[in-house]
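Hi,

Here is the structure I promised to pass on. Have a look at it first, and my notes follow underneath.

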Amino acid sequence: MKIQVVNRSHHPLPQYATAQSAGMDLRAFLSEPVTLQPMQRALVPTGLYIALPEGYEAQVRPRSGLALKRGITVLNAPGTIDADYRGEVGVVLINLSNEPFVVNDGERIAQLVIARHETADLIEVETLDETERGAGGYGHTGVN
């Protein structure tokens with residue numbers, strides 16, 4: 001699949017790290033470092049603008065290393081970029097650690113995953129069909 005990208009940053013385009021990687025790393029595009037205090041969130045620009053084909057979305061997901069080692073994650077994970085959005089790709093980062101975290105220009109801050117999706121027609125009804133599970137949810141089986 002080919003996706004058109006406008007790159008207004010001075011960083012290379014995102015790319016897959018390995019042949020079987022699902023996500024491409026997104027880099028911060030900053031004129032100066034941004035410090036995230038504990039529990040602080042910020043919209044971090046990437047300098048990238050994309051045009052996705054109809055029926056696809058781009059998901060902005062956390063990087064596991066940043067989450068584990070530094071407590072930095074994507075707040076609205078996964079963030080969705082719709083096929084008709086033409087604005088800059090931004091990443092909503094939050095610092096869940098107890099220490100300040102500095103985001104530097106060019107730092108890998110998130111992953112971008114391209115995914116197919118369906119568009120549904122919702123049909124309003126009075127009742128739903130019965131299933132064995134029924135309305136049970138949120139741990140209703142007692143299995144951890």
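Glutamine 59 counts as buried, because its relative accessibility is 10% and the cut-off for buried is under 20%. Before I go on, please keep in mind that this is a predicted model. Glutamine 59 belongs to strand S5, which covers residues 56–61. Its side chain makes a polar contact of 2.3 Å with the side chain of arginine 61. Leaving aside residues up to four places away in sequence, glutamine 59 also touches Pro78, Gly79, Gln111, Leu112, Val113 and Ala115.

So what does S5 pair with? S5 and S10 are antiparallel partners, joined over 6 bridges. In that pairing, valine 60 stands opposite leucine 112 in S10. Both strands sit in an open sheet of 4 strands with the order S2-S10-S5-S7, and the pairing there is antiparallel. The edges are taken by S2 and strand S7 (79–81), each of which pairs on one side only. From one strand to the next, the twist averages 35°. As a general reminder, strands of a sheet pair through backbone hydrogen bonds, and they can do that either parallel or antiparallel.

S2 is a nice one to click through. In strand S2 (residues 24–27), Met24 and Leu26 point to one face and are buried, while Asp25 and Arg27 point to the other face and are not buried. That fits the general rule that side chains in a regular strand alternate between the two faces of the sheet. S2 pairs with S10 over 4 bridges, in the antiparallel sense, and arginine 27 has arginine 108 as its bridge partner in S10.

Arginine 108 deserves a stop of its own. Arginine 108 is in strand S10, and it counts as partly exposed because its relative accessibility is 37%. Its side chain has a polar contact of 3.0 Å with the side chain of aspartate 25. Not counting residues up to four places away in sequence, arginine 108 touches Asp25, Leu26, Arg27, Arg63 and Leu66. If you want a distance to check on screen, the C-alpha atoms of arginine 108 and aspartate 84 are 25 Å apart, with these positions 24 residues apart along the chain.

Now for the other sheet. This one is open too, with 4 strands in the order S1-S4-S8-S6 and antiparallel pairing. Strand S1 (4–7) and strand S6 (72–74) each have a single partner strand, so one side of each has no neighbour in the sheet. Neighbouring strands here are turned by 40° against each other on average, direction ignored.

Going across that sheet, here is how the strands are joined:

- S1 pairs with strand S4 (residues 41–51) in the antiparallel sense over 4 bridges, and valine 5 has isoleucine 50 as its bridge partner in S4.
- S4 pairs with S8 over 6 bridges, again in the antiparallel sense, and arginine 41 stands opposite isoleucine 94 in S8.
- S6 is joined to strand S8 (residues 88–95) by 3 bridges, and the two run antiparallel; isoleucine 72 has asparagine 95 as its bridge partner in S8.

What about the aromatic side chains? The structure holds 0 aromatic pairs. There is, however, a charge over a ring: the charged end of arginine 8 sits over the ring of tyrosine 49, 4.6 Å from its centre.

Two backbone details are worth a look. In general, most residues other than glycine have a negative phi, and most peptide bonds are trans. The bond joining alanine 77 and proline 78 is cis, with omega at about -15°. Proline 78 is in the loop between S6 and S7, and it is one of the residues that glutamine 59 touches. Methionine 39 has a positive phi of about 70° although it is not a glycine. Methionine 39 lies in the loop between strand S3 (34–36) and S4, and it is exposed, with a relative accessible area of 55%.

Last stop, glycine 136. Glycine 136 is in the segment after strand S10 (108–116) and counts as partly exposed, at 24% relative accessibility. Its C-alpha atom is 38 Å from that of valine 89, and the two are 47 residues apart along the chain.

Shout if anything is unclear.

Cheers

Key:
Residues numbered from 1 in each chain as written. Predicted model: local features only at pLDDT ≥ 70, side-chain atom pairs only at ≥ 80, totals over all residues. Heavy atoms only, no water. Pairing = 2+ DSSP bridges. Axes fitted to C-alpha atoms, helices over the stretch in contact; angles between N-to-C directions. Buried < 20%, exposed > 50% of the residue type's maximum accessible area, 1.4 Å probe, protein only. Polar contact = N/O pair within 3.5 Å; in protein donor to acceptor, adjacent residues only side chain to side chain. Contact = heavy atoms within 4.5 Å. Phe/Tyr/Trp six-rings, centres within 6.5 Å; stacked < 30°, edge-to-face > 60°. Lys NZ or Arg CZ within 6 Å of the ring centre and 35° of its normal.
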